Amino acid sequence: MLDLQNKHIVLGLTGGIACYKAAELCRALIKQGASVQVVMTESATQFITAVTMQALSNRAVYVSQWDAREPNNMAHINLSREADAILIAPASADFMAKLLHGRADDLLSLMCLARPVSEVPLILAPAMNREMWVNPATQRNVAQLTQDGALVLDVGQGDQACGETGDGRMLEPDDIVQDLIATFQPKLLAGHKVLVTAGPTYEAIDPVRGITNLSSGKMGFAMARAAYEAGANVTLIAGPVHLPTPRGVQRIDVRSATDMHSAVLSQVADASVFVATAAVADWRVAKVAEQKIKKTAQGNTPDLQFTENPDILGEVAQTARARNGELFCVGFAAESHDLQKHAQAKREKKGVPLLVGNIGPATFGSDENALLLVDAQDTQEIPQANKLDLARKLVTEIAQRIKI
Ligand code: C5P
């Protein structure tokens, strides 16, 4: 199922050059399954036409509160009652100032004021010149709007249409969509700091060669995203992978198991959940050659000696036991056969309350997986699904266990 299936989103556009990105945003929302009703201010129509937005949303666009197409002539009531969320992108400085005061002199502001506050979330994606963004008046308005229950997204940084560089660009459409999707997820981990390891590690042999494994990092990245969606403060420690950082997640890139070990230890002290999805190499080469190892005329193969890597999860689980349940540890086990037996044995060996088993070769690099959850009482199968759906289920399981 798509993340915005059965969701009806009112997409509001206010005046700003970032309106050109609203066209992409509209498409991205529809691609995720949403139906989109566009409402524009008069100023927005200076930047992009209602024709463009109508064609992309496949619905007539509303601009005026005097629009006579609605039989009861109350577009502001009808539109706000139908919406699962109102997303204003771009939200101009002027529009935010207007919302803050509850003013309602055009259809979009009237509709925002008329929305049932507890049922229809209001999400704002600000876009403006950097000086306008840092102006105390704007920052005051952002703080007050947040206190009034709106979700004001952050702004992007970089080149601006005015030729200046700084904070104030509208977020990219994909980022806005991720944040909107997150508003529909229950905040099961609010107040928690979640630390996730993901991906493979790379153990150097010499400056050009190394040992690694086939982990893509997708499950760990999905875990980080799902934890963020659930309201957690998330740190993701990633081995060498080519994946975009999920929205709102602090990412620390590492290469070897030793690097990952140090990064985890530096972050775990104030964490309340640790999820070890990384496929950490078991061994590293004892002495990394400083120069590339050359082939010899005699065809001798290099004599590599190995040292065992630190067991990051095992070590963290030990400190977690000393912390009296303040830190909940989740391990993963990628097996090739006898999943239940091996997963249970690994849970006991690592000393973790929850272990997630999966068949490694069946899932490496794939967007899908099937999981077997093993705890002290039970085993539970989570059938084949995409990794983000599985990660969301896992977040629910973790949240239930933290409450106990
Ligand atoms: O022992 P094994 O590698 O099968 O254990 C898998 C679990 O332990 C995973 O959760 C993995 O992230 C974690 N692990 C670790 N440090 C290691 C080896 C594994 O954290 N050195």
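Modeller: A polar contact is a pair of N or O atoms within 3.5 Å; within protein, one must be able to donate a hydrogen and the other to accept it, and residues adjacent in sequence count only if both atoms are side-chain atoms. This is a predicted model, in which local features need pLDDT of at least 70, side-chain atom pairs count only at pLDDT 80 or more, and totals for chains, interfaces and linings use all residues. Residues are numbered from 1 along each chain as its sequence is written, and side-chain values use heavy atoms, with hydrogens and water left out.

Colleague: What makes the pair formed by Leu313 and an oxygen atom of the ligand a polar contact?

Modeller: A polar backbone atom of Leu313 is 2.8 Å from that oxygen atom. The limit is 3.5 Å, so the pair qualifies. A backbone N or O atom of Ala278 lies 2.6 Å from an oxygen atom of the ligand, and for an N or O atom in the side chain of Lys346 the value is 2.3 Å.

Colleague: How much of the ligand does the protein cover?

Modeller: On its own the ligand has 440 Å² of accessible area (Shrake-Rupley method, 1.4 Å probe; for residues, only the protein chains shown count as cover). The protein covers 86% of this area.

Colleague: Why are Asp282 and Phe332 listed among the residues around the ligand?

Modeller: A residue is near a molecule if one of its heavy atoms lies within 4 Å of it. Asp282 and Phe332 belong to the residues around the ligand, which also include Pro310 and Lys350.

Colleague: Which elements give two or more residues to this shell?

Modeller: They are helix 11 (312–322), strand 16 (328–335) and helix 12 (339–350). Helices (H or I, at least four residues) and strands (E, at least two) are DSSP runs, numbered from the N terminus.

Colleague: Where is Asn73, and what is its phi?

Modeller: Asn73 is in the loop between helix 2 (50–57) and helix 3 (75–82). Although not a glycine, Asn73 has a positive phi of about 55°.
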